Amino acid sequence: MDIAALRKAHPDHWQQATAIRALAMDAVQAAKSGHPGMPMGMADVATVLFSRHLKFDASAPDWADRDRFILSAGHGSMLLYALLHLTGYEDMTLDQIRNFRQWGSITAGHPEYGHAKGIETTTGPLGQGIANAVGFAMAEEKLRAEYGPRIVDHHTWVIAGDGCLMEGISHEAISLAGRQKLSRLIVLWDNNDITIDGRVSLSDVTDQRARFAAAGWHVLSCDGHDPADIDRALTEAKASDRPVLVDCKTIIGFGSPAKADSSGAHGAPLGDDEIAITKEIYGWPHGPFEIPADVLKAWRAHGARGGAARTEWEGRFSTLSATKQAEFTRRMSGAAPAKLASAIRALKKQVSEQAPKVATRKSSEMVLEVVNKVCPETMGGSADLTGSNNTKTEGLGVFAPEDRKGRYVYYGVREHGMAAAMNGMALHGGIKPYGGTFLCFTDYARGSMRLSALMGVPVSYVMTHDSIGLGEDGPTHQPVEHLAMLRATPNINVFRPCDTVETAETWELALTSARTPSVMALSRQNLPTLRLAHKTRNQVAQGAYVLAEAEAKRRALLMATGSEVEIAMEARKMLEAEGIGTRVVSFPCWELFEQQPESYRRKVLPAGPVRVAIEAGIRFGWDRWLYGERGKREKSGFVGMHDFGASAPAPTIYRELGITADSVVAKVKALL
């Protein structure tokens, strides 16, 4: 690559792109860790994108109709941080760049949503960004269909690397995007042929261009270091009627004589001497973190370029009726509609009176029939288990290229892609996504579910067939350790409701959550209504509560979740018949109970009685409630799973594994 010729042919562009490269080299060197090669290689593409194509206004980073830019190759975070600083995002100061990867800075090793404006999603686990982008693009299509292109009309741009395209989630994402014909989605592939181990050919022979084309994408290519060729490709990409992959052929560590085009530039500082030599080659005679005034001025002009478009958009928005403006603003903010609470209360009252015996997956469908009518922002879906998850309600319509107003997504067998797309929809704003699969298959969705929690994105996961109660499908499909795994994850509310009333309260909490995703573990088998006395208060919001009090002197306390609350109630009846006073505590959400004041927890879990927990999952985690919170090890027991399940009718499995009221009674008597 003739750098001298590039400098001569495109002097202004060269200086602006070099500012990115210099900041990346300097910041990684100062931190003594990081990934300089990717920002050095993609600086030209990023400069053309931000200066000529990306619709944004650095002074209004939350503008609803901005283009979204996602750095899926999150290890190259200094590319994004440099762009945000240079274009004038207020919080991305030069001091933050200097403190790259340091305690308390907003410039984390990988971009983290919420740390700084302009970071649309958390990336770093490769493939997540490109999969999130599918959700961003779906949200844009849906809202444009609702509000029209005068209000919603923007693109989602992604920079993805070879690693992103190797991850399995990328296959789920690109095939879903191709099926949906997401023409506002443009992926810029940093095709530098290098991973940390070395050449891509060490581990992969995939023809990525053919792969994307086979998935229904429009495929373009450009010289990733020629600004004119990059501009041509990006201009063509915006005119496509399908999602676009732009193959940007680049050199990692561009300009470094010792480390360019090698894994040496990927994940380590270049070193002071190599940086000095590289800057000399660039024609950049400036010290660390020093940006010439004329270069910074040019970049700040790029950051302000979208101001006129934003002002024009605000004018168009102001012509909407006050009601439409308020509704759009509410939806973009994530606030729940005012009618939600009353709709949930009315359903609870009806259920308490009618006392249906249904599976909680069916309970969820009953709630959604009500919720989806009062929450136009909900967008449901399932990973090819619609009839089993009960996630599709009447009148939703199907989101597809033929009907962008549809509110239900057939995700196909793509649990991970579904979860990542839902993260993208929620992050975009205006959409409250929920999606279903079997609880066991949270294993497949785990990477994106963890990021929901890390980012504080209130996605709703409808996870049915939540135990051995699913029966004949057997241990491959029966979750045993999954509740413990999910509960071990910070900032996830794991709900396991025992009946339709608790399910309604669960949905109310999920749809009003601001910063916490919700997992709903729902049964396949029918369960009786246990909350027969209507209460306006949302008792699930307390995490655990007394469902049935002891009639005789209280000597036992049974704790249970979901389908096992019925077993606890049956055991209570048997114990009370023998004069053993027994309290039953329904425990639908550990996380919310933990947040309650100690005075409330003491009332629910007092000292004294023996304690038995009942759950068709492993014991892991239950000891916190059994002999913590004023309990005693020698006065506590567990009735549940200790191994994997089996293939048989559900009642048989419960009986053979000893998860029965008789087992609970025997455990209580032994402890007494």
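**Pockets, a buried threonine and the cysteines**

Hi everyone, let's start with helix 14, which contributes 4 residues to the lining of the largest pocket, the most of any element. Before I go on, please keep in mind that this is a predicted model.

So how much space lies in the largest pocket? About 780 Å³. Its lining is made up of 36 residues, and the ones closest to the centre are Y113, M332, S333, A426 and L427. If you want to find the walls on your screen, look for helix 14 (322–333), helix 18 (415–428), strand 10 (432–438) and helix 21, the elements that each give two or more residues to the lining. As for the chemistry of that lining, we have 16 nonpolar residues, 10 polar ones and 10 charged ones.

Now to the second largest pocket, with a volume of about 350 Å³. Here 15 residues form the lining, and nearest the centre you will find E566, I567, P651, Y654 and I659. Two or more lining residues come from each of helix 22 (564–577), helix 26 (650–656) and helix 27 (661–671). Which helix gives the most to this lining? That is helix 22, with 4 residues. The lining of this second largest pocket splits into 7 nonpolar, 4 polar and 4 charged residues.

Let me zoom in on one residue next. T506 sits in helix 21, which covers residues 500–512. Is T506 buried or exposed? T506 is buried, because its relative accessible area is 0%, and the cut-off for buried is under 20%. Setting aside neighbours within four places in sequence, the residues in contact with T506 are F495, P497, M520 and V540.

Last topic, the cysteines. A disulfide is a covalent bond between the sulfur atoms of two cysteines. How many disulfides does a search of the whole structure find? The count is 0. Two cysteines help us see why. For C375, the closest cysteine sulfur belongs to C589 and is 20 Å away, so the two are too far apart for a bond. For C498, the closest cysteine sulfur is again in C589, this time at 14 Å, which is also too far for a bond. A disulfide would need the two sulfur atoms to be within 2.5 Å. Both of these residues are tucked away from the surface probe: C375 counts as buried at 2% relative accessibility, and C498 is buried too, with a relative accessible area of 2%.

That's my tour, thanks for listening!

How values were computed
Residues are numbered from 1 along each chain as its sequence is written. This is a predicted model: local features need pLDDT of at least 70, side-chain atom pairs count only at pLDDT 80 or more; totals for chains, interfaces and linings use all residues. Side-chain values use heavy atoms; hydrogens and water are left out. Buried means under 20% relative accessible area, exposed over 50%, partly exposed in between (1.4 Å probe, protein chains only). Contact means heavy atoms within 4.5 Å. On a 1 Å grid over the protein atoms alone, a cavity is a set of points where a 1.4 Å probe fits but cannot get out, and a pocket is an open set with protein on both sides within 12 Å along at least five of seven lines; lining residues have an atom within 4 Å of a point. Grid points are joined across faces, edges and corners, and a volume is the space filled by probe spheres set on the points. Ala, Val, Leu, Ile, Met, Phe, Trp, Tyr, Cys and Pro count as nonpolar, Asp, Glu, Lys and Arg as charged, and the others, Gly among them, as polar.
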